[in-house]
Amino acid sequence: MTPPPLTAVVMAAGLGTRMRSSVPKHLHSLLGRRMIDWVVAAIEPLEPDRVLVVVSPQVSDAFEGFDTVIQREPRGTGDAVAAARSALAGFEGDVVVLPGDGPLLTRELLAGLIDVHRQRGAAATLVSFAPEESLPYGRIVRDGSGRVVEIVEAADATPEQLAIRELNGSVYVFSSRELWGAIERLDARNAQGELYLTDTIGYLVRSGRDVAVYSAADPLELVGVNTRSELAGASAMLRDRVNGRHMTAGVTIVDPASTWIEAEVEIEADAVIHPFTILRGATRVGSSAQVGPHVVADGASIGVNAAVGPFCYLRPGTVLESGAKAGTFVEIKNSYVGGGAKVPHLSYIGDAEIGEGSNIGAGGITVNYPHRPGRPKGRTTIGRNVRTGVDNAFVAPVTIGDDAWIAAGTVITDDVPPGSLAGFPPRQVTREGYVYADRDD
């Protein structure tokens, strides 16, 4: 039997005043993704027809790229979901409702929720959890037979209800027909003067509809983020998840607590990541590579058996081929380092190509910034098996041919032919064919 269509509504209209930030709460970053991106990433593998994000008019422009609907006034969670009704006119199927401040939600939890809902044929199914410590979440009230009766928000709960340990996770799936009918009957007679989405559960139960509960195996998945402290805590939990996934796949992470790897990073088995390493963006690390300690790589490709660090920064566009090295106090940006080539220490390489087997001496710098405003940055091309000296500067655009040698302390301003010796400050002198010559010196 074909399952009914699925759509998702993500509630992100809250302004997050407790964050004390000019940035909307749901757009704060955790491990390289915005908070709402983590929520959307949890539901997208289940292939909903649409993912609607409910936002407030004050911050709607900040959610460019999302399929948004506007909650005109902050009248509560029930009103937030109601704001999506016109966008879903004619839709008949299941509606998943998610909190936009729940970055720890997982695809597995949402898949389990939807499976229970459809197996039961329920009007609504909610996620419950039982954390070790009491939280200001709604309490799930059951009758003597264990059937759900209602959800009572913490602000409206009696002392006896506050003692209930089973809490509402603010994650639901509704039959669309049942959802809109229940939304219409909400009222604001409560402690906060708002339309509570949770009140739809009590209405459905009193109307004789079946309401199911899916209990979360890991209570931490349901913990939301409202403060900077909670943001840091959620980031650490996401870090542990990502690191655990890599270690299960055969990556050695020497100290997971000090290693931060963003979700899009790819690492092959047998790579070793040393402490205090940060891997960001579309970084890729090849098998048996050694990275760290104290390395930051952002959008870089680190080849098989390459070595990076310690104390190294690989910026976007950096490619280290197999066996290449970027050593201590080295920064590389938008550059290609060929197989077996080495930039061992104390160097800046930007907008450059370094051929196989070349060695860049300590203090090597590519001077890639244009001397006149408005001109593009130049590129430095260093061929294969080139040996540069200490304290060399290469004023781009410039090309160093294969097998060339560069004398220490030289500023290279002119192209160097293959096999030549160039240098001898204060002005560049080039001895063509020097490396290839049959000589005794």
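Which residues have the most contacts inside the largest nonpolar core?

**Figure 1. The largest nonpolar core of the predicted model.** This is a predicted model, in which local features need pLDDT of at least 70 and side-chain atom pairs count only at pLDDT 80 or more, while totals for chains, interfaces and linings use all residues. Residues are numbered from 1 along each chain as its sequence is written, and side-chain values use heavy atoms, with hydrogens and water left out. The largest nonpolar core (a set of buried Ala, Val, Leu, Ile, Met, Phe, Trp, Tyr and Cys residues joined through side-chain atoms within 4.5 Å; buried means under 20% relative accessible area, exposed over 50%, and partly exposed in between, with a 1.4 Å probe and protein chains only) has 53 residues, and those with the most contacts inside it are Ile267, Leu279, Ile302, Leu314, Ile332 and Ile400. Among the elements that each supply at least two residues of this core are helix H1 (35-43), helix H7 (228-248), strand S24 (325-333) and strand S26 (342-350), where helices (H or I, at least four residues) and strands (E, at least two) are DSSP runs numbered from the N terminus. H7 gives the largest share of this core, four residues.

**Figure 2. The surroundings of leucine 279.** Leaving aside neighbours within four places in sequence, leucine 279 is in contact (heavy atoms within 4.5 Å) with Trp260, Ile261, Glu262, Val265, Ile267, Ile273, Val285, Val291 and Ala297.

**Figure 3. Helix H6 and its cover.** In helix H6 (residues 199-206), the buried residues are Thr200, Ile201, Gly202, Leu204 and Val205. Their cover includes strand S7 (124-129), strand S9 (148-152), strand S10 (167-175), helix H5 (176-183) and strand S11 (211-215). After H6 comes glycine 208, with a positive phi near 85°.

**Figure 4. A nonpolar patch on the surface.** Phe311, Phe329 and Leu346 form this patch, with about 330 Å² of accessible area together. Patches are made of residues with over 30% relative accessible area and no salt bridge, like charges being joined within 9 Å and nonpolar side chains (Val, Leu, Ile, Met, Phe, Trp, Tyr) within 5 Å; a salt bridge is a side-chain nitrogen of Lys or Arg within 4 Å of a carboxyl oxygen of Asp or Glu. Accessible areas come from the Shrake-Rupley method with a 1.4 Å probe, and for residues only the protein chains shown count as cover. Phenylalanine 311 is found in the loop between strand S21 (307-308) and strand S22 (312-314), and is partly exposed, with a relative accessible area of 42%.
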